[in-house]
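User: I would like a close look at a single part of this model, with the terms spelled out as you go.

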Amino acid sequence: MTASEARSFGPQVRMERAGSIAVIAIDNPPINAGSLEVRRGLLDAVQAVTENTEVTGAVLIGEGTTFIAGSDLREFGQPLEDPQLPTVIQAVEVSPKPFVAAIHGAALGGGFELALGCDARVAAEDAVVGLPEVTLGIIPGAGGTQRLPRLVGLSKAIELICTGRRVSAPEASMLGLIDATFDMDLKAGAIAYASSLAGQKKPVIQRSVPREPEATIKAAEEKARKAGRERPPVLEAIRVIRLATEVTPLEALTTEREVFQRLRVSEEAFALRHHFFAERQATKPASLKEVEPHNIESVAVIGSGTMGVGIAVAALNAGFPVTLLDMDSQALERGRERLREHYEGSIARGKLSQEEVSACLNRLSIATDYEVLGTTDLFIEAVFEDLEVKQKVFRALDQVAHPNAILATNTSYLEVSRIAEVTRRPESVLGLHFFSPAQIMRLLEVVQAQHTGLEALATGMAFGRKLKKLPVLVQDSFGFIGNRIYAAYRAQCEYMLEEGAFPEEIDQALEAYGFAMGPFAVGDMSGLDIAWQMRKQRAAQRDPDARYVSIPDILCEMGRFGRKSGAGYYDYREDPKKGKPDPEVAEIIRSESERKGYTRHNFNEEEIQRRALLAMANEAALLLAEGVADRPADVDLVLVNGYGFPKWKGGPVFQARQKEPEDLAREFEELARLSEHGFRAADPASLFER
């Protein structure tokens, strides 16, 4: 091959010459995923480099905006075809010619494992690297668990692999993962670096693991186990990383691949891949593909309570100038104080620097007069959950907002269309349902009301992405996706209270399944009075024949509102954060069972879990049939990211899809019988669409 020659190795890999250095380029847009065709092309190109006597070294580089940003996850649910990635990496390592990985954009998963198989790694200054496999229910399967420890030590390898954290190029250089960075021409820098290595092979796998105290390694293990909730991928990753100092590299690599192959076809891995693809689909709805969002340069948040302050913080952190408005000057001052305390805490925890906090606070304005908001692009109302109160705010906004402004409500339950109808611009009104705490929770339901225009919706979705949230498009309906399904779930748990269970039994069973908290502990934490007020507001609309559980109302009438009052379903008088079962609550439950004529019986853990999950799946089928959610997977995204459903279980729709539709239909009918008039059995067909 002469200096002017270029060769293609399949449709996605090309090679050209720069003097004695071969430059192998991967071109598989958009992220240069390490697909079968890429692996085939790379293996052929590596062999060509090895056989060519005129070539002294090679550079691997990605075309477009990134190196290899991961493997093709669509392959992981089926048998992997040869050549597999370890074969490609082995060819790189046994070649007598040095290989340099030139990383721009991202080198993640298999892409970073390929880079670790090279003799050196150079990167653009804004590149990131990482091994996120554990977050997908697997472990690195192409040497990542063995090569990474040889560069950073066991404890750091455990941290990086078990969290899946992305590492910036400056930090990667400090850790020894990157050998050089270039702020200008990465390709030229990589070619020069490869030239300097002529005749030198430096396989990472042949290096020794740096020594460190066993206590340090143990501490990293314990931290990873706790953060990873003892999930199998975390435990297996720790075990296999440890092999780097216990057995030969060949034995360790063989074990790593065996574990990877086993985990990639586990239910957990299928569930997490389900989420991976669902997130990417949800943030780019087909209905908005050709719609251009409005440019948002300023934001106003109406209401300075806990939610309003949280939304303001989220927008400030994303770089938006924010006006926080409240007609009550004292409430506004309390809100500003909460916001200041939040940022002081961020500095104390090392989350933000003083300079970053100062920049955020400099973008904040406060106001008690709507008239100052005439140039604002996006308004987010976050006042009391009352239709008349919210309509009053929107009438005022309609008077001052400029013609292209977007008006959003943060309502959790109310119909956005009813709020929009008091304006002259219903096409500009949508719901942006944040979850508390708004500055932390990732989920954002973007609600399309009856007359919401596509440009307003596209703007809401784009705004959510700028806040680094997960925006999910939903249609206007009571409770949208999340609160509607959660209400059905909570109601089923309340039915079980009447029939024989106690709050702590139900909470323990659902926490054992993987929920962060059970429904009664959640209710106590959120405040039982909030849902009580909503039930009273909707009492006139309730079907008088529908099953209704009075236990939560009785608790509220007694002043038991949860943690904030010292008592709810649990007693918090001894420990404000950790309640204990209360005999008084147990007696109320028994009394209600007797009053309604239920013969109480014991529930086992599996029965509690089954009824709760079926209630969720049934409600999901109903709202999908009604068109409230765009796709079945959107339901799972909402329940996992907003309601504590365990991500490694996939979500209620994912779980339902593990059954045959006809079997699921029978289970829905059986649950309807057990629930009496509190439950309408759905046709499960909508759960299996798209």
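Which residues of strand β2 (residues 13-18) lie on its covered face, and which on its uncovered one?

Analyst: This is a predicted model, in which local features need pLDDT of at least 70 and side-chain atom pairs count only at pLDDT 80 or more, while totals for chains, interfaces and linings use all residues. Residues are numbered from 1 along each chain as its sequence is written, and side-chain values use heavy atoms, with hydrogens and water left out.

In strand β2 (strands being DSSP runs of E, at least two residues, numbered from the N terminus), the covered face carries Val13, Met15 and Arg17, whereas Arg14, Glu16 and Ala18 make up the uncovered face. Strands count as paired if DSSP finds at least two bridges between them, and β2 has such a partner in β1 (residues 6-8), which runs antiparallel to β2 and is joined to it by 3 bridges. Within this pairing, arginine 7 has methionine 15 of β2 as its bridge partner. The two strands form a hairpin with 4 residues between them, and in that turn glycine 10 has a positive phi of about 85°.

Strand β3 (residues 21-26) is likewise antiparallel to β2, with 6 bridges joining the two, and here methionine 15 stands opposite isoleucine 24. Methionine 15, on the covered face of β2, is thus named in both pairings, with arginine 7 and with isoleucine 24. The hairpin of β2 and β3 has 2 residues between the strands, and glycine 19 in its turn has a positive phi of about 65°.

Technical notes. Buried means under 20% relative accessible area, exposed over 50%, partly exposed in between (1.4 Å probe, protein chains only).
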